[in-house]
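Open the structure in your viewer and get ready to select a few residues. Here is a tour, stop by stop, of what to click on next and what you will find there.

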Amino acid sequence: MDGLLQEYCLDLPVDAAATLQAWKKSYATDGQFTLYKASGCEKCENTGYKGRLGLHELLIGSTTVKKLIQKRATVEEIRGAAFMEGLRTLKQDGIDKILQGHTDIQQIRAVCY
Ligand SMILES: [Zn+2]
């Protein structure tokens, strides 16, 4: 969980303690998290994975973001403003899907670093 939390918050304006509290509220049972790993069977050709799952990162063209783009702000400025408005990165969306039990960190790392 520490590793996931670290990856979730790395280089982002995200508060780790607040994130952990939110995770506990959404994903934990009696304070315990359940993480899954692929085992495999004949239905998934022994991979442990079946089907596809989308990871999403959506930058909303809010008034603030539009103004920043108009004044040719740096990527960091636009990113910072977007985070204040609730943007989550691809990796953060992936980690949420790990905590929801849909996939594991190996699959997330395979598509975003
Ligand atoms: Zn299977």
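The stops below go from a metal site to loops, helices and pockets. Keep in mind as you click that this is a predicted model.

**Stop 1: the zinc ion**

Start by selecting the zinc ion. Which protein atoms act as its donors? They are the SG atoms of Cys-41 and Cys-44, lying 2.2 Å from the zinc ion. Now look at how much of each cysteine can be reached from outside. Cys-41 has a relative accessibility of 36%, so it counts as partly exposed. Cys-44 counts as buried, because its relative accessibility is 11%.

**Stop 2: Asn-46**

Next, select Asn-46, in the loop between H2 and H3. Its phi is near 60°, a positive value in a residue other than glycine. Is Asn-46 buried or exposed? With a relative accessible area of 58%, Asn-46 is exposed.

**Stop 3: Ser-62, just ahead of helix H3**

Stay in the loop between H2 and helix H3 (63-70) and pick Ser-62. Ser-62 is buried, with a relative accessible area of 16%. Show its side chain together with the backbone of Val-65: a polar atom of the Ser-62 side chain lies 3.2 Å from the backbone nitrogen of Val-65.

**Stop 4: Arg-72 and helix H4**

Move on to Arg-72, which sits in the loop between H3 and helix H4 (75-84). Arg-72 has a positive phi too, near 50°, and is not a glycine. At 76% relative accessibility, Arg-72 is exposed.

Now colour helix H4. Which of its residues are buried? Select Ile-78, Ala-81, Ala-82 and Phe-83 to see them. The buried residues of H4 pack against H3 and H5. A general point helps when you look along a helix: an α-helix has 3.6 residues a turn, so residues three or four places apart point the same way. After H4 comes Gly-86, with a positive phi near 105°.

**Stop 5: Leu-12**

Select Leu-12, in the loop between H1 and helix H2 (16-27). Leu-12 is buried, with 14% relative accessible area. Leaving out residues up to four places away in sequence, Leu-12 touches Arg-79, Phe-83, Thr-89 and Gln-92. Phe-83 is one of the buried residues you just selected in H4. For a sense of distance, add Lys-43, which is 31 residues from Leu-12 along the chain. The C-alpha atoms of Leu-12 and Lys-43 are separated by 39 Å.

**Stop 6: Glu-7**

Helix H1 holds Glu-7. Which side chain does Glu-7 meet in a polar contact? Its partner is Arg-109, with 2.4 Å for the contact. Beyond residues up to four places away in sequence, Glu-7 touches Lys-91, Ile-95, Ile-105 and Arg-109.

**Stop 7: the second largest pocket**

Glu-7 and Leu-12 are both among the residues lining the second largest pocket. Others to select there include Tyr-8, Arg-79, Lys-91 and Tyr-113. Helix H1 (2-9) and helix H5 (90-99) each give the lining at least two residues. The space in this pocket is about 250 Å³. By type, its lining has six nonpolar residues, one polar and five charged.

**Stop 8: Asp-104**

Go to Asp-104, in the loop between H5 and helix H6 (105-111). Asp-104 is buried, at 7% relative accessible area. A polar contact of 2.4 Å links its side chain to that of Tyr-49. Setting aside residues up to four places away in sequence, Asp-104 touches Tyr-36, Lys-37, Ala-38, Tyr-49 and Ile-98. Add Gly-94 as well: this glycine is ten residues away from Asp-104 along the chain, and their C-alpha atoms are 8.5 Å apart.

**Last stop: the largest pocket**

Keep Tyr-49 selected. The largest pocket has a volume of about 440 Å³. Which of its 18 lining residues are closest to the centre? They are Tyr-49, Leu-53, His-102, Thr-103 and Gln-107. Its lining divides into seven nonpolar, seven polar and four charged residues. Tyr-49 ties the last two stops together: this tyrosine has a polar contact with Asp-104, and Tyr-49 is also among the residues closest to the centre of the largest pocket.

Technical notes. Residues numbered from 1 in each chain as written. Predicted model: local features only at pLDDT ≥ 70, side-chain atom pairs only at ≥ 80, totals over all residues. Heavy atoms only, no water. 1 Å grid on protein atoms, 1.4 Å probe; cavity = no way out; pocket = protein on both sides within 12 Å on 5 of 7 lines; lining within 4 Å. Points joined across faces, edges and corners; volume = space filled by probe spheres on them. Nonpolar A, V, L, I, M, F, W, Y, C, P; charged D, E, K, R; others polar. Helix = DSSP H or I, 4+ residues; strand = E, 2+ residues; numbered from the N terminus. Polar contact = N/O pair within 3.5 Å; in protein donor to acceptor, adjacent residues only side chain to side chain. Contact = heavy atoms within 4.5 Å. Donors = N, O, S within 2.8 Å, 3.2 Å for Na, K, Ca; no water. Buried < 20%, exposed > 50% of the residue type's maximum accessible area, 1.4 Å probe, protein only.
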